Amino acid sequence: MRAERRSGSLMAAPYAAFLLIFAAYPILFALVLVFLKWDLVTTPVFAGADNMRMLATDTRFWRAVANTFVFLSIHLPLQVASALMLALALNRPLAFRSFWRAAFFLPVVISGAVVAILWSNLYATDVGLINGVLVRIGLRPVPWLTDPSTAMPAIAAMVTWKNVGFYVIIYLAGLQYIPRSCKEAIEIEGASTWQRFRFLTLPLLLPQTILVVTLSTINGFQLFIEPYVMTGGGPLRRTYSIVLYLYTNAFAYQKMGYAATIGVALALIIGSVVFIQRRVIGNAEAL
Amino acid sequence: MPSVHFEHVSKRFGATTVVEDFNLDVAEGELLVLVGGSGSGKTTILRMLAGLEEVTEGRIRIDDRDVTALAPRDRDVAMVFQDYGLYPHMTVRENLSLGLRLRKVARTEIERRVTWAADMLQLEPLLDRKPKQLSGGQQQRVAMGRAMVREPLVFLFDEPLSNLDAGLRAQMRIEIGGLQRRLKTTTVYVTHDQVEAMTLGDRIVVLADGRIQQVGRPIDLYRAPVNRFVAGFVGTPPMNFVEGRITGENGGAQFNADGMRFDMLPGRMPTTMPSGPVTLGIRPEDMEVDPQSDGPRNGSVAGRVVLVERLGGTSHVHFDAGPNRMLASVTNERLPAVGDAIDVRINGERAHLFVDDQRVSSAS
Amino acid sequence: MRTLRRIGLYTGLAIAALTFIYPFLWMASATFKPLSEVGTLALFPTHATLDNYKTMWARAPFGRALINSLLVATTITIAVLVFGSITAYAMARLRFKGRPALNAATMGVLLVPGQLTLIPLYTLIVQLGWIDTYAALIIPYLFNATAILMMRQFFLQIPQSLIDSARMDGMGELRILFTIFWPLSKPVLSIVAIFTFMGSWNEVLWPLLVVREQHLMTLPQLLTVFSLGGGAGSIGVSLASAMVLVVPVVIAYAFLQRNFIESMAGSGVKG
């Protein structure tokens with residue numbers, strides 16, 4: 001209908017305009033900024049490939065990338081294992097099931113800033129709750145956030161703790177779709193609990209596992225508020241994240257071109273890592 | 001009561017033509033049924049009249065008013081949908097009155113019309129329920145009530161009965177027919193069910209591929225279908241078709257097919273004898289089955305029974321006559337058994353002859 | 001054997017649940033403890049005090065930040081629901097030129113990580129002169145592609161005959177959306193409302209970029225700046241300021257726990 005077309009266009013026009021201004025323009029301008037040197041005050045200067053060259057040899061940037069991989073190497077296995085375990089525990093007839101689910105989900109709804117502040121206190125070397133428990137049972141306190149070797153693992157554990165409830169929900173949804181007949185069939189085959197998990201549950205949850213890995217990878221690359229609040233990127237820059245570096249370049253150094261270059265590089269890294277992960281996990285299933 | 005006129009109406013979606021040069025006049029107070037298979041364009045025509053679908057070419061008038069470009073709300077028509085389209089979050093009363101409230105009809109008048117419609121459709125006890133709490137038949141009545149309270153110029157029905165089970169469908173069909181005769185509102189009714197069309201329609205429009213095949217009273221379509229499509233579409237069980245040729249002269253012309261010979265009645269033949277292939281059409285109820293075969297006689301066909309379906313009053317006898325599988329509908333007490341050789345007498349008065357799918361002889 | 005396993009399961013669950021809840025309980029209790037007691041494991045302070053709250057309230061404009069956060073999150077949530085549903089309705093139920101392109105663009109936007117557009121958006125805000133304004137906090141969030149796609153998906157399942165009936169009853173498209181579609185779309189609308197509100201309520205990075213004046217800061221931002229800048233001075237005060245952010249959320253969560261879980265999970269899976 002003419003009227004339908006007219007109302008359709010009218011109703012969609014504000015969103016189309018919004019997309020142009022707040023999505024299309026920033027994406028294109030990001031690619032322009034890569035070639036600019038700009039402090040937001042003076043006029044932008046064309047910088048050719050300077051930003052890219054600088055990025056390629058910027059040890060701080062690559063330090064941040066390496067940190068992120070350290071983070072992921074701890075966070076991903078921990079996240080998948082803990083989410084899967086809790087989901088399996090919840091996926092049986094339980095008393096107070098919704099209470100348990102709500103408890104695990106609680107940190108998900110709490111602001112990352114709050115969680116970071118809370119955990120910097122829990123991790124505190126002298127007065128922190130965790131070291132308090134360690135001392136109580138006769139162990140030596142650990143300088144969690146001030147020792148270069150434990151700072152990133154400590155943050156990775158905390159992020160796992162914060163997000164696990166979210167991934168439990170994803171796994172629980174997947175578990176609902178495993179047909180009862182499959183479970184009964186494998187039980188009749190005489191499979192042990194472990195075998196049932198290994199040959200039925202785990203393979204059938206592959207789509208959820210891929211989703212969990214993808215989402216926590218993307219999330220891990222976007223790490224910002226935790227090091228910002230807890231460590232400021234230290235000690236010895238061991239918790240410096242890519243986004244924190246991007247933020248510092250934009251906010252502290254006013255290097256818009258370089259910050260945008262980091263953003264573009266980050267997007268490319270996320271894209272290729274997720275792509276490779278999906279390939280690898282997908283192939284693992286084919287074996 | 002107003003009349004409705006379609007003038008050279010066409011509808012295209014991109015390159016596909018759904019309705020082609022549609023011309024039709026619906027008379028005042030008439031119940032006109034549009035019938036056809038899926039893709040025939042019947043629903044599109046109805047939706048164009050409702051204003052829910054744009055007319056690509058042509059004009060639609062209600063009386064003298066050109067409504068082609070008007071929005072649905074300005075056309076003063078009301079429609080009953082296949083899945084009823086009742087607002088699930090509103091009570092029956094709210095469903096009935098919403099259209100009037102939006103048209104700023106006075107509260108007392110709304111009250112009067114809702115009561116009137118509820119009374120006619122026996123909806124009073126249901127007025128404060130939500131659609132989900134109603135049976136299919138009750139929802140159907142609410143949908144009709146919603147159309148009635150509007151007191152529109154034209155009622156539109158889009159396959160209103162196809163979501164009901166068979167028993168309820170027959171009952172609602174009678175109710176709709178009775179209601180329309182009482183209200184005398186001009187009505188356009190779309191269905192794919194030819195039984196519904198035959199029993200309800202003052203006139204029927206048979207559609208195929210977006211074109212009108214035939215317009216006429218139910219009995220006209222049944223007695224004198226203009227082409228093979230209409231002949232096959234109207235009537236249950238459907239007409240039998242046998243491919244063959246005509247031999248002989250006008251005085252003593254014969255229809256010849258593999259395993260079948262049949263004398264055409266004098267005076268029932270077109271003036272020019274068809275020389276190419278022709279199709280003979282015979283309705284199942286225009287054949288008589290003789291359970292004992294006395295050998296071929298004039299106007300009868302020899303067949304072998306392959307299946308007998310007993311429906312109680314009438315029975316369907318499926319038989320092979322040469323390569324043709326045919327069906328006769330009989331009321332005899334004495335039925336042949338499967339495998340029997342039978343003679344089937346054809347009522348020549350009622351046989352139809354088609355050339356290039358167009359009917360050339362009339363049986364009336 | 002069976003009961004033993006059940007006992008094991010419940011014990012395990014209880015310990016797990018405790019690790020998720022206890023830190024928050026500890027945090028809540030720590031805010032009522034005098035400085036000398038904060039380091040202890042005890043859940044109940046021996047000398048309960050409100051000093052931490054008084055200090056926190058006096059040192060930074062947390063009341064103002066609470067109002068800012070409420071204002072920003074509420075405005076964005078209403079906008080995402082109203083504008084988003086209008087857009088989703090058009091994209092789901094109206095045929096118009098450019099609809100396929102708009103659908104594709106919306107899917108595409110979801111694939112672009114936020115960090116790519118962060119800096120260009122920031123420079124745009126600077127050039128528009130929106131630094132230190134509510135506009136910077138609100139306008140870039142007025143539409144949300146995830147929300148639009150979720151609502152569109154829901155709207156696609158509503159029968160066409162309802163739209164047709166409503167049009168014949170004389171309704172315009174906006175009226176159909178708000179009087180027919182909205183009441184039928186409560187599940188998706190509440191999901192979108194919760195995740196939009198929570199997303200805005202908890203956002204830190206964007207406010208950190210575009211707002212520098214204390215009286216315009218949102219709660220999580222002020223909290224971060226306050227704790228980092230040493231304004232808090234002590235753990236108790238810093239945790240007390242975090243409580244301002246946590247308490248409203250926990251109260252809402254206690255009542256709408258199921259909706260919260262569905263909506264946060266839903267937004268993540270779709271986005």
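The paragraphs below lead through a predicted model, beginning with the domains of chain B and ending with a nonpolar core.

Because the model is predicted, local features are given only at pLDDT of at least 70 and side-chain atom pairs only at pLDDT 80 or more, while totals for chains, interfaces and linings use all residues. Residues are numbered from 1 along each chain as its sequence is written, and chains are lettered from A and ligands numbered from 1 in the order in which they are written.

Chain B is divided into domain 1 (4-233) and domain 2 (240-361), with bounds that come from an automatic or database domain assignment. The C-alpha centres of these two domains of chain B lie 39 Å apart. Five residues of domain 1 of chain B are nevertheless in contact with eight residues of domain 2 of chain B, where contact means that the C-beta atoms, placed from the backbone, lie within 7 Å.

In chain B there is also an open sheet of five strands, in the order β15-β19-β16-β17-β18, with antiparallel pairing. Strands here are DSSP runs (E, at least two residues), helices are DSSP runs too (H or I, at least four), and both are numbered from the N terminus; two strands pair if DSSP finds at least two bridges between them. Strands β15 (287-290) and β18 (324-330) of chain B stand at the edges with a single partner strand each, so one side of each has no neighbour in the sheet. Within the sheet, β16 (residues 300-310) and β19 (residues 341-346) of chain B pair in the antiparallel sense over five bridges, and B:A302 stands opposite B:D343 in β19(B).

Chain B also meets chain C, in a contact that takes 18 residues from chain B and 13 residues from chain C. On the side of chain B that touches chain C, β6 (77-80) and α2 (92-102) of chain B each supply at least two residues, and α2(B) gives the most, with three residues.

The largest nonpolar core holds 265 residues, of which A:A83, B:L49, B:L156, B:V188, C:V192 and C:A242 touch the most other members. Such a core is a set of buried Ala, Val, Leu, Ile, Met, Phe, Trp, Tyr and Cys residues joined through C-beta atoms within 7 Å, and a residue is buried if 20 or more other C-beta atoms lie within 10 Å of its own, exposed if 12 or fewer, and partly exposed in between, with C-beta atoms placed from the backbone. Helix α7 (residues 151-176) of chain A gives the largest share of this core, 14 residues. Since domain 1 (4-233) and domain 2 (240-361) of chain B both give residues to this core, it lies between them. Leaving aside neighbours within four places in sequence, A:A83 is in contact with A:V164, A:Y167, A:V168, A:Y171 and A:V212.

Key. Contact = placed C-beta atoms within 7 Å.
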